[in-house]
Amino acid sequence: MSESSGLIRGLEGVVAAETQLCDLDGAHGRLAYRGYDIADLARQASFEEVTYLLLHGELPKPAQLDALVVALTAAREIPGELVQAFRLMPTATDPMRALQAAVAMLGMSDPEATDNAHAANVRKAVRLTSQLATAICAHHRVRQGQQPVAPVAGLSHAGNFLFMLTGERPGPAATRAFDASLTLYAEHELNASTFTTRVVTSTQSDMHSAVAAGVGALKGPLHGGAGEAVMRTLLEIGEVANVDAFAERALAEKRRLMGFGHRVYKAGDPRAAILRGMAEEACRQSGQFKWYEMAVKLHERIGKAKGLIPNVDFYSAPLFYSLGIPVDLFTPVIAAGRIAGWTANIVEQHDDNRLIRPRAEYVGPKRRDWVPKERR
Ligand SMILES: CC(C)(COP(=O)(O)OP(=O)(O)OC[C@H]1O[C@@H](n2cnc3c(N)ncnc32)[C@H](O)[C@@H]1OP(=O)(O)O)[C@@H](O)C(=O)NCCC(=O)NCCS
């Protein structure tokens, strides 16, 4: 930070918005959505209830939850043109790039795309939450040369996601674990992608444009892309017996270890603690317990050597892997959860908007005379 200009690199510690959505206590490792502790929500609420809570401020009464489930279910279909567009994309395209394009395209067919009124934004949030899930699964099927699996009514949002991904009805344990993962990823204050959605929103652009930008921010390995990188690290290590040698090498090379460290949490990420238990259970169920064991060993080794804490993306990697989610879909899955928070933040920003437009400290050359081409 430069004293003269007040420059704060990475906006660390800067408070840039008021929010009623997320209470993040980094010093004590605590997190709550609208006052409800994340552990209670992950263990007891469905993702649909969390979506309602974030959008409306209170947990839904049974009739309110039923109405949301009906609205989410009704919005599951995506336009045929979007599936056609998936077919035209190179099969090697990163699913996050495809998702970003998909969100922009969904904006082309949404009847209220440019209506920024509160009620219209809430309706769009519900539609986009549903359609985003369908788009991720449809793109995955198409890139593999398969037909998309049509969504089914009667399955929860989480259950339907796994169904559209695999074509098979998921068991209750997998559905529950996936549902809780969506909840754990649903909201996290002004993380980079949510801040991005707010910046776009602050120009009075619209929800689809803001979410497409948020998808772009989430893609990076310092943000949502970390989970995928964690799994690639575990796959690179291969066996529990190799963890120590890997850790030693990584520490000697001063490698940035994905899934470790956090800008705000210093005492521990409460989501990681919950995901650790879920990963243990899922890895045991899948018969691939070694991924959990490797993660624990790496966590202990890196924690001891560098004092770094595992963040949300560390234990979600072995969890998602044992749920059968392809590694390059880990970040899209995070987007499928974070859409609840992104859209709630967009609603909140629109409701009390001021253009977000910070300053930069100029450190380039002093003012100088123009030099014509022949004299350069
Ligand atoms: C999340 C993250 C970007 C936060 O970073 P930040 O607040 O900008 O912190 P910095 O990058 O300034 O790091 C501070 C110190 O911790 C070290 N550090 C932080 N995270 C580290 C990691 N994952 N591996 C190795 N060292 C790390 C840095 O090298 C730095 O050390 P130094 O002061 O000796 O140079 C960072 O911890 C990181 O890159 N983690 C890996 C990516 C990841 O898991 N992202 C998901 C976040 S939920």
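**Notebook: aromatic rings, cysteines and a small sheet**

I began with the rings and found that ring pairs link Phe 260, Phe 289, Tyr 292, Phe 314 and Tyr 315 into a cluster, where rings of Phe, Tyr and Trp (its six-membered ring) pair if their centres lie within 6.5 Å, and planes under 30 degrees apart count as stacked, over 60 as edge-to-face and the rest as tilted. I note that this is a predicted model, in which local features need pLDDT of at least 70 and side-chain atom pairs count only at pLDDT 80 or more, while totals for chains, interfaces and linings use all residues. Residues are numbered from 1 along each chain as its sequence is written, and side-chain values use heavy atoms, with hydrogens and water left out.

**Ring pairs**

I searched the whole structure and got eight aromatic pairs. In one of them, Phe 260 and Phe 314 have ring centres 4.7 Å apart and planes at 50°, so I entered the pair as tilted. Phe 260 lies in the loop between α12 (243-252) and α13 (270-286) and Phe 314 in helix α15 (residues 312-322), so this pair ties together parts that are 54 residues apart in sequence; helices (H or I, at least four residues) and strands (E, at least two) are DSSP runs, numbered from the N terminus. I found both Phe 260 and Phe 314 buried, a term that means under 20% relative accessible area, with exposed over 50% and partly exposed in between (1.4 Å probe, protein chains only).

I then looked up Tyr 292 and Tyr 315, which form a tilted pair at 6.3 Å centre to centre with 40° between the planes. Tyr 292 belongs to helix α14 (residues 290-306) and Tyr 315 to helix α15, so the pair ties together parts 23 residues apart in sequence. Tyr 292 and Tyr 315 are both buried.

**Charges over rings**

I counted a charge as over a ring if NZ of Lys or CZ of Arg is within 6 Å of the ring centre and within 35 degrees of the ring normal. The charged end of Arg 169 sits over the ring of Phe 163, 5.8 Å from its centre, and Lys 290 lies over the face of Trp 291, at 4.7 Å from the ring centre.

**Cysteines**

I looked for disulfides (a pair of cysteine sulfur atoms within 2.5 Å) and the count came to zero. Cys 22 is buried at 7% relative accessibility, and Cys 137 is buried at 1%.

**Sheet**

I traced an open sheet of three strands in the order β1-β2-β3, with antiparallel pairing; two strands pair if DSSP finds at least two bridges between them. β1 (22-25) and β3 (36-37) stand at the edges with a single partner strand each, so one side of each is left without a neighbour in the sheet. Strand β2 (residues 30-33) pairs with β3 over two bridges, and Ala 32 stands opposite Asp 37 in β3.
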